[in-house]
Amino acid sequence: MDIKLITLSSYVRPDVVEHKSKDWVLNGENQSYYSYIIDRNNGSPTNASINRSYSTLIYGKGLGFTNKISDSVVNDWASLHTILRPRELRNMVTDYQVFGEFSFQVVENRDGSLHSLTHLPKQMIAPSIADENGQIRNYWYSRDWKDIKKYEPKAFKAFGDGKAGTSIYVAKPYSIGDEYFGSPCYAAGLQYAEMEEEISNMNISSIKNGLSAGYIINIPNGDNYTDEEKREFEAQVKRKLTTSSNASNFIISFNGQDVEISITPFPVNDSVHKQWDFLVTEAKNQLMTAHRVISPSLVGLSSSSGFSSVADEMDMSEKQTMKRVIAPKQDFILEAIEEVLVHYGINLDLYFKPLTQEEEIEEIVKESDSDSVEMSSQCGCKVQLNDEMDAILEMYAQDPPEGYELGSEEEYELQMSANQTSEQDTKLWKTRYAFTKGTSKSPKGGSRQFCNKMMSLSDQGKVYRKEDIDLMSSQGVNGKFAHEGGKYDIFLYAGGVNCYHRFERRVYKKKLNADGTPKKGGAMQQTDFVNVNEAKRQGYKPVKNPKDVAIAEIDKPNKGSLR
């Protein structure tokens, strides 16, 4: 009797593959190690939950800076928001958490200044073979390393080699023995992520197979099979039956002619579920150990502890996790980004705003039966504006005097200001907005700090483009008062519930040359202020804004509240 036992193979990390004829190095054949990590992230519930939670904690509420406010700092901060978009930074954070490394493209303008930092998925990037000094001079990019004929790799210089133009920056921590690639910090737990995934697949398969533990397949006349025929038969069985999706074990028995074709099920062990329970628990615990999870509840996993509530446990564990696990990851990401920014003369001391950072809000609401009520803290009346937010409010404001000329010291204002063209402009007419009191009602109490600052700028004659107001909204001005964490739209809702202010349209007309053509210069240079109604009589056609813009929240139903 000839019996063959079919078993599943185990996973071994692929070797780093140097393609000397192509001058690139792959992380396993066709970048297979990245594919393995991605599969473990997608297939293991515990691993996926931890990676998502850590990525969220790392990014927090986005970037902030700690520099002392100055014109150069405001200029750098304004530039950063066009250079590094939040979406790109989030993707870099996710790659670093999942892969232990991340990459981005450094794009230059024609004059050599920095245009943008754009995330590149790490699995699509391969380094060139290091030179005699151990330096990687180039990186190769392909959308799919499994099909390089269709997605032909393109070479880009490595950032920092002294050459101008677009480059690629790869950030990976130093790791002993890893010259070309990084590894996720939880690499030792990857096999447990695979175990959790396979157990899940096996349980599903077992249910589909009637909860069978496996089968013996008896093959009649097997003695007459050649070795080649037996191997081909085994291969067919493996392809059909031996994966976690068809999890039961199969034994093939090649017998004589007197044996009938039969499939005999293995007896089911009544206590087998205890073994699977142990393995599931073991996989989860080992994954948490590899990730250095201080409390399972913080990453969305159930736990039992001595805390009086899950909230107390999460609060304490988050502080420890931020200090011991998240902060070092944040520092590494910021060091990489700041290295590039400093190279282009952008000097900002960046930090990630904590996800649960609390801001002081002073309640000044007093119930009143009259139409005039004090402004509530729901829309931010007493939110303390830090220097960073204060700078953002001023950054987009601009003076609109006649013949306004920008000097070199004021060049940063031209990059993002009322003096740029707006989508609501024409060659002759320029539309801007001033923050102003928008109701005949009079508040009994003090105004929000946000409103006070905006009114102070308006008193100075400052105006805004529609685009700059939108950008302030996207950068989080009054953002914590958005419903369910969405963007707070300042253009529509100004200060928020019970606010007495709104944005009022201001119209400016370009002065004309002798031939009747508008004078040249920036959008607000060589202009005269014109009353809106008078401008309409002269042919100005205003863009129709949402009706919420023209009405102060205090005059809206429920005073702007959704309740």
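Good morning. I begin just after helix α12, where G476 takes a positive phi of about 95°. The structure on the screen is a predicted model. The helix before that glycine spans residues 466-474. Within α12, K466, D468, I469, L471, M472 and S473 are buried.

G476 is a glycine with a positive phi, and I would like to set beside it two residues of another kind. D23 is not a glycine, and yet its phi is positive, at about 65°. D23 sits in the loop that joins β2, residues 16-19, to β3, residues 24-27. With a relative accessible area of 30%, D23 is partly exposed. The second case is R292, again a residue other than glycine, with phi near 60°. R292 belongs to the loop between α7, residues 272-291, and α8.

Let me now step back to the chain as a whole. It has 563 residues, of which 45% count as buried. Its secondary structure comes to 14 helices and 17 strands. As for the contacts with a separation of 6 or more, 70% of them join residues 24 or more positions apart.

I turn next to the aromatic residues. How many aromatic pairs does a search of the whole structure find? The search finds 21. One of these pairs is formed by F102 and F104, which are stacked, with 6.1 Å from centre to centre and 25° between the planes. F102 is buried, its relative accessible area being 0%. F104 likewise counts as buried, at 0% relative accessibility. F102 also pairs with F332, and here the arrangement is edge-to-face: the centres are 6.4 Å apart and the planes stand at 90°. F102 lies in strand β5, residues 102-108, while F332 lies in helix α8, residues 310-343, so this pair ties together parts that are 230 residues apart in sequence. F332 counts as buried because its relative accessibility, 19%, falls under the cut-off of 20%. These three phenylalanines belong to one aromatic cluster, whose members are Y96, F102, F104, F159, Y169 and F332.

From there I move to the packing of two helices. Helix α1 covers residues 32-43 and helix α2 covers residues 45-59. Their axes are 5 Å apart and meet at an angle of about 95°. That angle makes α1 roughly perpendicular to α2. Which residues form the contact? From α1 they are R40, N41 and G43, and from α2 they are P45, N47, A48 and N51. By type, the residues of this contact divide into 2 nonpolar, 4 polar and 1 charged.

Helix α2 also contains S55. S55 is buried, with a relative accessible area of 11%. Leaving aside neighbours within four places in sequence, S55 is in contact with V93, T94 and Q97.

Two further sites deserve attention, and the first is T431. This threonine is found in strand β15, residues 429-437. Is T431 buried or exposed? It is buried, with a relative accessible area of 1%. The side chain of T431 makes a polar contact with the side chain of Y540, at 2.8 Å. Not counting residues up to four places away in sequence, T431 touches Q424, D425, R505 and R506, as well as Y540.

The last site is E553, in the segment after α14, which comprises residues 532-537. E553 is buried, with a relative accessible area of 2%. Which residues does E553 touch, not counting those up to four places away in sequence? They are L492, Y493, G496, N498, C499, H501, K559 and G560. For E553 and Y493 there is also a C-alpha to C-alpha distance of 6.5 Å, across 60 residues of sequence.

To close, I return to two of these sites. T431 is a buried residue at 1% relative accessible area, and its side chain has a polar contact with that of Y540. F102 is stacked with F104 and edge-to-face with F332. Thank you.

Methods: Residues numbered from 1 in each chain as written. Predicted model: local features only at pLDDT ≥ 70, side-chain atom pairs only at ≥ 80, totals over all residues. Heavy atoms only, no water. Buried < 20%, exposed > 50% of the residue type's maximum accessible area, 1.4 Å probe, protein only. Helix = DSSP H or I, 4+ residues; strand = E, 2+ residues; numbered from the N terminus. Polar contact = N/O pair within 3.5 Å; in protein donor to acceptor, adjacent residues only side chain to side chain. Contact = heavy atoms within 4.5 Å. Axes fitted to C-alpha atoms, helices over the stretch in contact; angles between N-to-C directions. Parallel < 35°, antiparallel > 145°, perpendicular 65-115°, else oblique. Nonpolar A, V, L, I, M, F, W, Y, C, P; charged D, E, K, R; others polar. Phe/Tyr/Trp six-rings, centres within 6.5 Å; stacked < 30°, edge-to-face > 60°.
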